[in-house]
Amino acid sequence: TGAARGIGKETAKLFENAKCEVLALDKDFEECDLPPSITRVQFDLRNVEAIPKLIEDLGHIDSCVNNAGQLYCPSPEGLSNGSLGFTLDQSTEIMTVNLFAPVALIESLAPQMMARGQNGEIGGRIVNVGSVAAFTGHPDLWYGASKAALLNMTKTFATLMGKSGVLVNAVAPGPTLT
């Protein structure tokens, strides 16, 4: 997810270079220069309710990199005006894209991956892209909180799915030039 730019785009290219069939998911590919061999899947992760159908339509998936992320730059005044400057819609969008969508993706992928793992195959691999902001705090309170929750969620799914041959882990990069 988040494959049209940044870490997501570079990750998609690495998988493609390793001769994997790559489905790159993003809400907008307008200015994206992914190689034509990579299949673009245009999907807005804010539409969490549609994720199970998306996964059903995509079929067999071996690996998922939950990379998409949303953040907003808060008011430069900070709390001096009595608010961090986030609207409820902004904080909801951040939590939806950064946490609720990855949970829905994993829940939707779990049956197929766990079934493969119980048959003696490698069930699947899920990598959640957190952020150093989960450990250090971040000017966007909701971004940092969502990434900390993503790391905790990763541990839960790793425990639930690991016995079925599904590896669930996370990385937590800082600012990255891609």
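Me: Why is the way helix 3 passes helix 5 called a right-handed crossing?
Reply: Helix 3 passes helix 5 in a right-handed crossing, because the near helix is turned clockwise from the far one by less than a right angle; an anticlockwise turn would be left-handed. The model is predicted: local features need pLDDT of at least 70, side-chain atom pairs count only at pLDDT 80 or more, and totals for chains, interfaces and linings use all residues. Residues are numbered from 1 along each chain as its sequence is written, and side-chain values use heavy atoms, without hydrogens and water.

Me: What makes helix 3 roughly parallel to helix 5?
Reply: Helix 3 (residues 88-118) and helix 5 (residues 141-162) pack at about 15°, with axes 9 Å apart. Helix 3 is therefore roughly parallel to helix 5, a term for angles under 35 degrees.

Me: Which classes of residue make up the contact of helix 3 with helix 5?
Reply: Among the residues in contact (heavy atoms within 4.5 Å) are Leu-99 and Ile-106 in helix 3 and Leu-150 and Phe-157 in helix 5. By class, the contact has 16 nonpolar, three polar and two charged residues.

Me: Why are strand 3 and strand 5 said to stand at the edges of the sheet?
Reply: Three strands form an open sheet in the order 3-4-5, with parallel pairing. Strand 3 (63-66) and strand 5 (166-171) each have a single partner strand, so one side of each is left without a neighbour.

Me: How do you know what joins strand 3 to strand 4?
Reply: Four bridges join strand 3 to strand 4 (residues 124-129), and the two therefore count as paired, since pairing requires at least two bridges found by DSSP. Cys-64 stands opposite Ile-126 in strand 4. Helix 5 packs on this sheet, touching strand 4 and strand 5.

Conventions: Axes fitted to C-alpha atoms, helices over the stretch in contact; angles between N-to-C directions. Parallel < 35°, antiparallel > 145°, perpendicular 65-115°, else oblique. Nonpolar A, V, L, I, M, F, W, Y, C, P; charged D, E, K, R; others polar.
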